[in-house]
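Me: Hey, could you walk me through the ligands in this one? I'm new to this, so plain words please.

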Amino acid sequence: MSEAAARYRAEWARSHDDREAFWLDAAAALDWESAPTVALAQDAGRWSWFPDGRLNLSVNALDRHVDAGRGEQTALIFDSAMTGTQERVSYRELRERTARFAGVLRAHGVGRGDRVVVYLPMIPEAIVAMLACARIGAVHSVVFGGFGATELAARIEDAGARVVVTASGGLEPARPIDYVAIVSEALETAKTVDTVIVKARPGFPPAPAGEPGGASWVDWEAAVAGAEPADPVAVASTDPLYILYTSGTTGSPKGVVRDTGGYGAALAWSMRNIYGIGAGEVFWTASDVGWVVGHSYIVYAPLLVGATTVLYEGKPVGTPDAGAFWRVVDEHRVSVMFTAPTAIRAIRRLDPELALLGGRTTSLRALFLAGERADPETLRWIETGLDVPVVDHWWQTETGWPIAANPLGLGALPAKPGSATVPMPGYRIAVLDAAGREVPAGTEGNIAIELPLPPGTLTDIWGGGGRFADAYLSTFPGYYATGDSGRLDDDGYLSVMGRTDDVINVAGHRLSTGALEEVLAKHDAVAECAVIGVKDELKGQRAVGFVTLTAAGAGEQVGEELVALVRRHIGPVAAFRDVVLVERLPKTRSGKILRKTLRQIMDGEPYRVPATIEDPDVIDAVIQTLGERIADAPAAPTAPVTAAPPVGAA
Ligand code: COA
Ligand code: AMP
């Protein structure tokens, strides 16, 4: 066994066999107002981490580095490929801005436990707003800018937010984003908000006068100018730091609740041992603060360990070209980078020879990929091009940090193509069949994590009421059901293959087909609909809607109207463009739509027609309608099946 493998195994084993000591050691990387004496407390099937500890995560991210004499070090590099501007913000400056904005929040009545929705583009104010909430014990809920008014309203209402922080505009290559209009529309339904704070951006109209949506609209700069900096408030380790909404199987998003101390300890451990990053080094996550990847690895983790984080407003391609990432790495001397495989596929499409790399990545030690399955071909291509380790690692909004990875900080393990390598400390992974029995090594099944989950993972679904247990803990008693399928090999390496539920992944963005179906069903002309995720060369998957029309439903324009409806309600992030109008949808005799069969047909895979199908002719009619839209020639059906599919999901 290599030295690295021995080190990894020892760490992983200690995290389970000597759990208290392992995690109390990890927690010691943080500054606590009152240090925890206990790592884990368990009660009635629930658990909490560091229950008697008290701390402030904003202090850990900012003040303590300033107090340790590193105030002049750059905490944040803002690089906007959209405006061609850059800004370097020191730890001292970031603390000042955070404390002032915390003062603004406090002046507007925000206190410990109050929820603040942050709906901002990729500008430094997004980080300031998040850390300001943490400073006063408020709970932030960041909503990704690509979500539209209905999704924003649902999140504001569910969180019961009184304050929304937004900007006058966002910049996408194709068009400017009118945040003010979207927030105003959201406030027509979300009635909990009394204050909207607006960061004015050059080129956009300032905050509106009056009270659109019944809230008072406040200009960020004016408010900050008159604010007293707020002192930090220590909170219980178990207090919620944030709520982050994610897609589940139903139309309503689930508010993942993250604690404070467990999250901080897990992130600090991960920075050193997975990413191999310490104080003073430059770490760049090319994602968006609206996703969990952004929360953890643009904002909290790099700052907790005193590194420099890069906030990039731009795309991997088109801003201005497929060399944009390499420019950022070069100009800011990035040591370790993290992005989604789709970004690499986008670059490869435009620059297959990596001509734009031009020797500009000499500072780079490693590239980490997550958000969707990294196909081995893309991974090999970029690894050869960059000539550094490229690590596919797997995690979810719910877990907050990687479940499986190659922990480069402990020493690189041998990589295996198509595998996210091995479980991280605290995670004991099992692959289960539909009945909850472990399957033999090499067999695909449901990936589950033995309880309790390690620190940093979700502690609840906002609103409680048993939703956490229902969604994650009831399928396989004693385990957290990840919703992903995959297999473990004889060496304990994990390969993650895809979802077992109705969640799809479009360009690394997680979407619920259930939510898309709810929107399509709003249209008067729609009788029935089914949305599936099909393979997409660039984005991994894309959503396709199969629709039957009511007698009154008329012709071709319905498709366009449905595309517009999804854009308005869910937002452009759904990248929804494909509507297939069919006479009838294939169903079982009990009325269940055969979504999986539709997906297999569209992906050109051998498709299964269950023996319980209501009318087999419907399949032929669908294939005829699809014609050339099917990925390859439609594959022949496999024999009718009556047994449940191996993974146990429809
Ligand atoms: N605010 C508003 N709109 C946004 C947005 C934001 N923050 N992010 C994306 N959108 C819009 C885009 O402008 C696009 O709108 P359009 O339909 O009018 O063109 C739409 O949402 C779809 O965006 P996307 O899926 O990102 O497609 P794209 O064609 O603009 O870009 C990639 C394709 C591959 C370059 C891009 O998806 C990418 O960089 N992906 C990386 C994914 C990532 O970071 N995932 C996070 C998990 S690690
Ligand atoms: P999100 O919660 O948006 O981060 O999405 C999490 C989901 O993305 C997971 O449940 C997986 O389905 C998918 N995913 C993320 N990372 C990977 C990976 N490295 N390999 C395969 N799937 C991944």
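**Around ligand 1**

Reply: Sure, ligand 1 has 24 residues around it, and Glu 172, Arg 175, Lys 539, Arg 567 and Arg 577 come nearest; a residue is near when one of its heavy atoms lies within 4 Å. Keep in mind that this is a predicted model, where local features need pLDDT of at least 70, side-chain atom pairs count only at pLDDT 80 or more, and totals for chains, interfaces and linings use all residues. Residues are numbered from 1 along each chain as its sequence is written, chains are lettered from A and ligands numbered from 1 in the order written, and side-chain values use heavy atoms, with hydrogens and water left out.

Me: How far is Arg 175 from an oxygen atom of ligand 1?

Reply: A polar side-chain atom of Arg 175 sits 3.1 Å from that oxygen. That's a polar contact, a pair of N or O atoms within 3.5 Å.

Me: And how much of ligand 1 does the protein cover?

Reply: It covers 85% of the 940 Å² of accessible area that ligand 1 has on its own, by the Shrake-Rupley method with a 1.4 Å probe.

Me: Switching over, which residues are closest to ligand 2?

Reply: Asp 392, Thr 397, Asp 484, Arg 499 and Arg 510, out of 15 that surround ligand 2.

Me: What do Arg 499 and Arg 510 do there, distance-wise?

Reply: A polar side-chain atom of Arg 499 is 2.7 Å from an oxygen atom of ligand 2. For Arg 510, a side-chain N or O atom is 2.6 Å from an oxygen atom of ligand 2. The protein buries 93% of the 490 Å² that ligand 2 exposes when taken alone.

Methods. Polar contact = N/O pair within 3.5 Å; in protein donor to acceptor, adjacent residues only side chain to side chain.
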